[in-house]
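This report describes one structure for a reader who is new to such descriptions. Please look at the sequence and the model together before reading on.

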Amino acid sequence: MDDPREAVHDADALVADVIQTLATTFAEHKRSLEDQWGQGAQVDTEELRRALRRYRSFFNRLLST
């Protein structure tokens, strides 16, 4: 028989792990973009459009769950 308290604890740990993974993934993506721009690289409009689409896709996936 499952222990309800343990099940809630396990669910909490799982959510915390997923949120941490999402935060890490977002931070890495942001750091990559900032590195490109910080090096004085000329970023064209198309690259900015793709970056915005990735952000939008990421945000939509967060909201859809």
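Glu34 is partly exposed, with a relative accessible area of 42%. This class lies between buried, under 20% relative accessible area, and exposed, over 50%, judged with a 1.4 Å probe and protein chains only. The model is a predicted one, in which local features need pLDDT of at least 70, side-chain atom pairs count only at pLDDT 80 or more, and totals for chains, interfaces and linings use all residues. Residues are numbered from 1 along each chain as its sequence is written, and side-chain values use heavy atoms, with hydrogens and water left out.

## Salt bridges

With which residue does the side chain of Glu34 meet in a salt bridge? The partner is Lys30, at 3.4 Å from N to O. A salt bridge is a side-chain nitrogen of Lys or Arg within 4 Å of a carboxyl oxygen of Asp or Glu. Side chains of opposite charge can pair when their charged atoms come close. Both Glu34 and Lys30 belong to helix H1, where four residues, about one turn of the helix, lie between their positions. Lys30 is also partly exposed, at 37% relative accessible area.

Three salt bridges are found when the whole structure is searched. They are set out below.

| Salt bridge | Closest N to O |
|---|---|
| Glu34 and Lys30 | 3.4 Å |
| Glu46 and Arg49 | 2.5 Å |
| Glu46 and Arg50 | 3.6 Å |

Glu46, Arg49 and Arg50 are linked in a network of salt bridges. Why are Glu46 and Arg49 separated by about one helical turn? The reason is that they stand three residues apart in helix H2, which covers residues 45-64. Arg50 and Glu46 are likewise both in helix H2, four residues apart, again about one turn of the helix. Each member of the network is partly exposed: Glu46 has a relative accessibility of 33%, Arg49 has a relative accessible area of 38%, and Arg50 has a relative accessibility of 36%.

## Overall form

The protein contains two helices and zero strands. Its radius of gyration is 18 Å, well over the 11 Å that the globule rule gives for 65 residues, so the protein is more spread out than a compact globule. That radius is taken over C-alpha atoms, and the rule is 2.2 Å times the number of residues to the power 0.38. Helices (H or I, at least four residues) and strands (E, at least two) are DSSP runs, numbered from the N terminus.

Along the principal axes, the C-alpha atoms fill a box of roughly 60 × 25 × 10 Å. Of the 65 residues, 8% count as buried. The accessible surface comes to about 5800 Å², and carbon and sulfur atoms account for 57% of that area. Such areas come from the Shrake-Rupley method with a 1.4 Å probe; for residues, only the protein chains shown count as cover.

Two pairs of residues illustrate distances within the model. Asp44 is found in the loop between H1 and H2 and is partly exposed, at 44% relative accessible area. The C-alpha atom of Asp44 is 41 Å from that of Ala13, a residue 31 positions apart from Asp44 along the chain. Ser57 is placed in helix H2 and is partly exposed, at 32%. Between Ser57 and Val43, 14 residues apart in sequence, the C-alpha to C-alpha distance is 20 Å.

## Charges and surface patches

The protein carries 9 positive and 12 negative side chains, and the centres of the two sets lie 12 Å apart. Lys and Arg count as positive and Asp and Glu as negative, while His and the chain ends are not counted. The place of a charge is taken as NZ of Lys, CZ of Arg, CG of Asp or CD of Glu.

Which residues form a negative surface patch? They are Asp2, Asp3, Glu6 and Asp10. Patches are made of residues with over 30% relative accessible area and no salt bridge, like charges being joined within 9 Å and nonpolar side chains (Val, Leu, Ile, Met, Phe, Trp, Tyr) within 5 Å. Asp2 sits in the segment before helix H1 (4-38) and is exposed, at 69% relative accessible area.

A nonpolar surface patch of about 300 Å² is made by Phe59, Leu62 and Leu63. Leu63 lies in helix H2 and counts as exposed, at 58% relative accessibility.
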